[in-house]
Amino acid sequence: MQHTMLQRQQSGVQASTSCSQRCVAPHPAVTSGSRRHAPARRAHSSASARASTIVSFQNADSAALPAPATMLLDSPTASKPKPATTLSWAGAGIFFFWQLGAMKFLSERYDLTRVPMAGASGGALASVLAACGVPADEVLQRAYDLSVKYGIWERPLGLVGVWGSLIEQWLDDLLPDDAAERCRGKITIIVTTLPNMAQVGISDFKDKKDLITAAMASSHIPMLLDLKFARLCRGKYCVDGSFPDFFYNDNSDLLKAGGSAVIFDYFNDAKLVRKGRMDMLSLKKYEEVKHIMQLGYEYAAQLHQEGHFDHFEVGEVVFDHLEEAVKKFSEPAQNTLAPAAAAAQQQA
């Protein structure tokens with residue numbers, strides 16, 4: 001819980017003139033997903049420095065997988081946004097629980113195990129948990145149990161130095177044994193490689209351990225998690241997948257998915273009160289965490305009401321479930337009526 005992972009140093013080193021400017025979408029969270037409003041001068045100067053790679057950071061033991069179709073970047077000359085077909089989860093730190101609330105709302109209406117997703121930092125954790133169908137309330141409860149077990153609120157330094165081990169144990173407890181199979185080729189975990197500070201998307205996962213390692217590399221806040229500057233992942237040292245975004249004040253194109261993503265970025269929620277830019281790293285009381293989660297739930301509900309998920313193919317899943325429910329409901333009635341009908345025929 002307060003060990004809500006990761007921070008708001010966010011993903012996306014990208015070089016294209018279209019990314020250098022803040023994209024304006026029908027809603028702050030939709031498709032092009034602009035992040036926060038940095039000075040225009042900084043945005044312009046950073047444009048040429050950004051570059052990102054999709055799914056090139058491969059497992060040495062696995063065949064290279066193509067990036068999910070919805071993760072391929074469009075030409076910067078694209079004139080109009082595509083319908084939203086991807087869910088992206090930006091870096092969040094303690095506000096991972098805001099994303100967890102959004103995940104809870106969506107999972108009540110859609111089968112998130114069938115939705116293409118991308119995530120950086122805390123958002124990487126959200127995408128993995130959502131893709132594996134782990135219930136949001138179970139995620140919160142396990143976080144709370146671990147926090148109590150290790151006395152997080154009693155520690156003078158709070159989460160410093162122990163946050164990483166808690167997150168790793170928390171993931172291992174929550175994720176099913178076939179988590180890698182569920183996530184492979186469907187989600188993209190964004191990491192920042194050193195020393196070039198390039199953001200790279202990983203979507204091939206050898207096994208559960210490899211998946212967790214990628215998620216931990218994506219959420220590695222230097223020094224804070226385990227008093228180490230970087231995390232080793234597939235032979236490369238990595239830091240938080242949203243690290244460059246924190247300085248560029250914009251989400252990466254890996255998260256924007258070529259303009260086809262709904263990005264869950266807590267910066268876009270006007271109802272969420274933050275105490276400064278570094279508030280995402282501060283320890284929160286359990287009641288505060290539950291409130292943050294509720295705000296995320298309400299934010300997703302607002303987007304749903306505004307129709308931002310209308311183009312998701314998983315909309316069909318809702319109707320599939322309804323049809324199954326109707327079928328199950330009608331079967332007992334048919335079984336009850338059949339004997340009665342047969343008896344009536346005999347009497348006739």
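A residue counts as buried when its relative accessible area is under 20%, exposed when over 50%, and partly exposed in between, using a 1.4 Å probe and protein chains only. With that in hand, let's walk through the structure.

What you're looking at is a predicted model, where local features need pLDDT of at least 70, side-chain atom pairs count only at pLDDT 80 or more, and totals for chains, interfaces and linings use all residues. Residues are numbered from 1 along each chain as its sequence is written, and side-chain values use heavy atoms, leaving out hydrogens and water.

## Salt bridges

A salt bridge here is a side-chain nitrogen of Lys or Arg within 4 Å of a carboxyl oxygen of Asp or Glu. Searching the whole structure turns up eleven of them. Three are set out in this table.

| Pair | Closest N to O distance |
|---|---|
| E108 and R109 | 3.1 Å |
| R234 and D210 | 2.7 Å |
| D250 and K256 | 3.0 Å |

Start with E108 and R109, which form a salt bridge. E108 is partly exposed at 44% relative accessibility, and R109 is partly exposed too, at 31%.

Next come R234 and D210, whose side chains meet in a salt bridge. R234 sits in the loop between β6 and β7 (236–239) while D210 belongs to helix α8, so this pair ties together parts that are 24 residues apart in sequence. (Helices, H or I with at least four residues, and strands, E with at least two, are DSSP runs numbered from the N terminus.) D210 is buried, with a relative accessible area of 12%. There's a third partner in this story: D204, D210 and R234 are linked in a network of salt bridges.

And D250 with K256? Are these two buried or exposed? D250 is buried, at 1% relative accessible area, and K256 is buried as well, at 3%.

## Helices

Two packed helices are described by the angle between their axes and the distance between the axes. Take helix α3 (residues 96–107) and helix α11 (residues 286–305): their axes come within 6 Å and cross at roughly 45°. That makes α3 oblique to α11. For reference, angles under 35 degrees count as roughly parallel, over 145 as roughly antiparallel, 65 to 115 as roughly perpendicular, and the rest as oblique. The axes themselves are lines fitted to C-alpha atoms, for helices over the stretch in contact, with angles running from 0 to 180 degrees between N-to-C directions. The crossing of α3 past α11 is right-handed, meaning that the near helix is turned clockwise from the far one by less than a right angle.

How many residues of helix α4 (residues 122–131) are buried? The count is ten of ten, and the helix is mostly covered. Among those buried residues are G122, L125, V128 and A131. After α4 comes G133, which has a positive phi, near 70°.

## Backbone oddities

Most residues other than glycine have a negative phi, and most peptide bonds are trans. Here are some spots that go the other way. L194 and P195 are joined by a cis peptide bond, with omega about 5°, and P195 is placed in the loop between β4 (187–193) and β5 (198–202).

R234, already met above, has a positive phi near 55° although it isn't glycine. A257 is another non-glycine residue with a positive phi, near 50°. You'll find A257 in the loop between α10 (253–256) and β8 (261–264), where it is buried at 2% relative accessibility.

## Distant in sequence, and a patch on the surface

L254, in helix α10, is buried with a relative accessible area of 0%. L254 and A118 are 136 residues apart in sequence, yet their C-alpha atoms are 7.4 Å apart in space. K284, in the loop between β8 and α11, is buried at 7%. The C-alpha atoms of K284 and F95 are separated by 9.8 Å, with their positions 189 residues apart along the chain.

Finally, the outside. M223, L227 and F229 make a nonpolar surface patch of about 320 Å². Patches are built from residues with over 30% relative accessible area and no salt bridge, joining like charges within 9 Å and nonpolar side chains (Val, Leu, Ile, Met, Phe, Trp, Tyr) within 5 Å. The areas come from the Shrake-Rupley method with a 1.4 Å probe, and for residues only the protein chains shown count as cover. L227 lies in the loop between α8 (208–218) and β6 (231–233) and is exposed, at 55% relative accessible area.
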